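Colleague: I'm new to reading protein models, so could you walk me through this one?

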Amino acid sequence: MILVAPSILSANFSQLGKDINKAEESGADWLHIDVMDGHFVPNLTIGPQVVADIRPITNLILDVHLMIEKPERLIPAFCEAGADLITVHSETCPHLHRTIYQIKEKGVMAGVAINPSTPIVMIENILSDLDLVLVMSVNPGFGGQKFIPGAVSKVAALKNKLAEQGISAYLQVDGGINAQTGLEVVKAGCNVLVAGSYIFKSSDISQAINSLHQLG
């Protein structure tokens, strides 16, 4: 089964609640929330208060992606705000094991993301502790970017590593996802698709979400 996580980075923030409700009614499984600090990535987005405001209006899993430096400072606030899953970047965490367990100790699922230029060897020793692995198929920071094809082989390699170790973590891909690129990464082993522009900029959100569900 393929799970679809619309990214609110591409939603209309003047009617964010309405867009979220529309995505949920259209069959979305999770809601992907991109948090950027203007340091690790060259963009600035939202903080814990927005997550807290979203929590009461949806039953979707809130999948919070922290593209920030020193994520350990804000993990407690995002947990308290209602995040169901928090993903940090391996590139920002010198003590990755500690950070993952900081999340887990709050009763929240924990994930690790890797950028397009980051080899999977950087997270091999932490795989058994994860609920999710996120492969970035664009360089993080902005929505609407073009899919980087090298992500496909990285997904396949990670799928093999997870299978070899008997790990049932979700394998998620984020960046430039549409029906065509989604099919490529699903064939490689991805089971959670993050899509922003493809869903929220679509004239038919329900059809866009359904087209991704059907890839599995």
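**Questions on a predicted model**

Colleague: Let's start with helix α8: which of its residues are buried?
Modeller: Keep in mind that this is a predicted model. Helix α8 covers residues 205-213. To count as buried, a residue needs under 20% relative accessible area. In α8, the buried ones are Ile205, Ala208, Ile209, Ser211 and Leu212.

Colleague: Why are those residues on the same side of α8?
Modeller: Look around the axis of the helix. The buried residues sit on the same side of α8 because they cover an arc of only 155 degrees.

Colleague: And what do the buried residues of α8 pack against?
Modeller: Among their partners are the helices α1 (16-25), α6 (179-188) and α7 (197-200). Two strands are on the list as well, namely β1 (3-6) and β8 (192-195).

Colleague: At the start of α8, which backbone nitrogen does a side-chain oxygen of Asp204 reach?
Modeller: That oxygen comes to within 3.3 Å of its target. A polar contact needs N or O atoms within 3.5 Å, so look for a nitrogen inside that limit. It is the backbone nitrogen of Ser206.

Colleague: Now over to strand β2: is His32 buried or exposed?
Modeller: His32 belongs to β2, residues 30-36. Its relative accessible area is 0%. Buried means under 20%, so that value settles the matter. His32 is buried.

Colleague: Which side chain does His32 join through a polar contact of 3.3 Å?
Modeller: His32 touches several residues beyond four places away in sequence, including Asp63, His65, Gln172 and Asp174. The 3.3 Å polar contact joins the side chain of His32 to that of Asp174.

Colleague: How does the chain get from β4 to β5, and what is the handedness of that crossover?
Modeller: Strands β4 (residues 85-89) and β5 run parallel, with 5 bridges joining them. One pairing puts Val88 with Val112 in β5. Between the two strands the chain passes through helix α4, residues 96-104, and this β-α-β crossover is right-handed.

Colleague: What about β5 and β6: which residue in β6 stands opposite Ile114?
Modeller: Strand β5 (residues 109-114) is mostly covered, with 5 of its 6 residues buried. It also runs parallel to β6 (residues 132-136), and 4 bridges join the two. Opposite Ile114 stands Val135.

Colleague: Last one: what value is phi of Lys70 near?
Modeller: Lys70 lies in the loop between β3 (61-67) and α3 (75-81). This residue is partly exposed, at 47% relative accessible area. Its phi is positive, though Lys70 is not a glycine, and is near 50 degrees.

How values were computed. Residues are numbered from 1 along each chain as its sequence is written. This is a predicted model: local features need pLDDT of at least 70, side-chain atom pairs count only at pLDDT 80 or more; totals for chains, interfaces and linings use all residues. Side-chain values use heavy atoms; hydrogens and water are left out. Buried means under 20% relative accessible area, exposed over 50%, partly exposed in between (1.4 Å probe, protein chains only). The arc is that of the directions from the helix axis to the C-beta atoms. Contact means heavy atoms within 4.5 Å. A polar contact is a pair of N or O atoms within 3.5 Å; within protein, one must be able to donate a hydrogen and the other to accept it, and residues adjacent in sequence count only if both atoms are side-chain atoms. Two strands pair if DSSP finds at least two bridges between them. A crossover is right-handed if, with the strands pointing away from the viewer, the path from the first strand over the helix to the second runs clockwise.
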